Amino acid sequence: MGFARTLQQRQPYFINCALTAAAIMLAASACSAQVAPAGQAPETAWTQEVNKYPGLLEEFGRLVEKLQSNVQFPPPRPESHVLPLLPESTMSYAAFPNYGDAANQVLKIFRQELQENPVLRDWWQHGKVAAVAPKVEDSLEKFHQLNQYLGDEFVVSGATEGRDASLLIVAEVRKPGLKKLLQQMVNDSAGKSKPSVRVLDTQELATAKDGGRAEQPVILVRPDFVVGALDLATLRKFNARLDRGGREFVATPFGQRVAQGYEGGVTILAAADVHKILSLSPTGTPQSELTFQHSGFADMKYLVWRHTSANGQEVSQAELSFVAPRHGAASWLAKPTLMGSLDFVSPKTMLAATMVLKNPAQIFDDVRELSSASNPNAFATLAVAEQALKLSVKEDLLSQLAGEITLELDNVTPPRPAWKAILKVIDPERLKQSLSTLLAATHLEGEQFIVDDVSYRTVRIPSGQKPVEICYAFVDGYLVMGSSRETVAEGVRLHRNGESLGKSERLLASLPPGYSRAASALFYQDPIAMAELQVRQFAPQMAGTLAQLRGGTAASVIRLYGDDTTIREASRSGAFDVGAVLVVAAVAIPNLLRSKIAANEASAVGSVRTVNTAQVTYAATYPNKGYAPNLATLGPDPRIPAAYSADHAGFIDENLANASCTADAWCTKSGFHFRVTAFCKQHLCQEYVVVATPIATNTGTRSFCSTSDGVIHYKTSPPLTSPVGVSECRAWSPLQ
């Protein structure tokens, strides 16, 4: 009973401890899989551990409570010493605090708990986690040791230097000795293998040689900064920038926007220059590009997310800005308004989502336009159905909706989950008549009944062995639908007596300081209820305890606010809502661009080899012609694809060699332009050059060529505008 009272007082931390325990145990199960029976699921191992060590979950509860009370996390930072030094072409940014001291505090508290709690100690030393326990403690020690040498922030950034995408990790150096420590850690990690990371000082960087074609991460340790990069070239450029004290980035609009994120103090900050990233991304088909432009998302400018803490409370904020007023699909989210549909939602709901759309009928037109651009017959079936039903989806249904929509999930208990959908209505009587017409035409009329002056209608939809029941009612300008008559009636009751989620103190308490209750969208979840679903899989006895705590914890709520040129997000629900996406993006974007370029170049080399093979075959098949004068000659006949001749040999498919690929025209495939030029005398072509060059700098960094000798050569340069001759091609570097 005493522990139950502790749970009630410390619910937010108990759920964290439960999930932490789950993560540790599942990791232990994975690490010790060799001692578990074949085919045993991690969840089974979890349950076995809980049963084997009675009281373990309670010990985790006490541990997390102590961590929450005693661990001091880094304070917000009002500025960055690294930000001004980044390259001017930086397009993604993520900054984190130094968690070294916090990690050391966690380790000390944990070790103290191991000494004082025999159950926790026995599990740590003899349970499935025992095999990895020393490594966990050692990792925390090394993490703390490393961070003692670093400043209060480290930054991960992605940039485009010329035609190359690059990644940098930068932190200030607090004291000497870092290079020796890093080298030791790299060597220890490699064991008997060759270290995969090089650690250099400035003198070693000046004389270092590339390790080959494959990229090898490199760390530079200076007296003032430590810098990590994926290659030597990037590291040398940034080292030169540090030497000259360049501060160009903070003079750019994106740099100024990132710097603005530090105002008032920040713990974690992430940002992306979306407009620049889109401009560098390889283009799709003309049709897909046009569709993207019409969607309005081509006008995205910056995405910035910041997380901070004030007075012991976490606050998360994000902003997606646009270069022009939002239009198309990007404008569907309406401006903030008070959400009356939340007055029908239960305060005990697991999940609820509300969105306010500008104009459902206009959205229908936008969707039809976007779909018809790629498929002119996309809505043909709908038109036939409307004619048969004598009903217009746009005029009779969507035009009667105001745009406010709420979806609610109360439970997922079999056999029938409990849910509600609430829609704000412009003309209830017309929409009611339209629904009646639709149901009558589909022979789903159902039952109708009246309770407390509210008319309910229940419809049973055939589905498998048991029909699905849906009930709906029109109440005070809203259409309320649900999984049963009881669910809808409960929503009406909550609306009338003021006991709904919309009126609850729990929802009001989730509002971040300085933000209005009026919003464009709201996403709500009960963390205990969501955790109960996860925990039920591996510890059913614990799930029952969690179920008793539902509704008593702080809710996880995210709100969106739309205006003409921005969409903002605000939350008091923790550090990793929108931010997780940006943190990953800061690392992933440069590598994604590099990998796409590498894939395009590999495809181009393969296509050049294909042309060489086709030319040899052509010369052997038509000796009086020699080599083919262009790609079109090597491709199929557009009139009769199965007919082969000296004019259309059919040795290469139309993706690379169609009829338009003549000697004076470039052909396109996988981000590259291709052209074949032949050198002929008296209609006999004795030499040729095939050239592959990137369409743009964001689709490739090298051009390739080959001649009759079959050797492929390359040159790093901007995209070519004209083909090259035989001697020039052979002067390029041969491809290894």
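For these entries I take a disulfide to be a pair of cysteine sulfur atoms within 2.5 Å, and I keep in mind that the model is predicted.

Entry 1, the count. I looked up the disulfides and found that the structure holds three. Counting the bonded cysteines along the chain, I noted that their pairing follows the pattern 1-2, 3-4, 5-6.

Entry 2, C705 and C729. I found the sulfur atoms of C705 and C729 to lie 2.1 Å apart, in a disulfide, and with 105° about the S-S bond I recorded this link as right-handed. The pair links distant parts of the chain, since C705 sits in strand 23 (residues 702–706) while C729 belongs to helix 24 (residues 726–731), 24 residues apart. I also checked burial, and both C705 and C729 are buried.

Entry 3, C661 and C667. I found these two cysteines joined by a disulfide with an S to S distance of 1.5 Å, and I noted -125° about the S-S bond, which goes with a left-handed link. Both C661 and C667 are buried.

Entry 4, C680 and C685. Here the sulfur atoms of the disulfide are 1.9 Å apart, and the torsion about the S-S bond is about 85°, so I entered this disulfide as right-handed. For the accessibility of the two partners I made separate notes: C680 counts as partly exposed because its relative accessibility is 39%, whereas C685, at 7%, counts as buried, the cut-off for buried being under 20%.

Entry 5, C471. I looked up this cysteine as well, and with a relative accessible area of 0% I recorded C471 as buried.

Terms used
Residues are numbered from 1 along each chain as its sequence is written. This is a predicted model: local features need pLDDT of at least 70, side-chain atom pairs count only at pLDDT 80 or more; totals for chains, interfaces and linings use all residues. Side-chain values use heavy atoms; hydrogens and water are left out. Buried means under 20% relative accessible area, exposed over 50%, partly exposed in between (1.4 Å probe, protein chains only). Helices (H or I, at least four residues) and strands (E, at least two) are DSSP runs, numbered from the N terminus.
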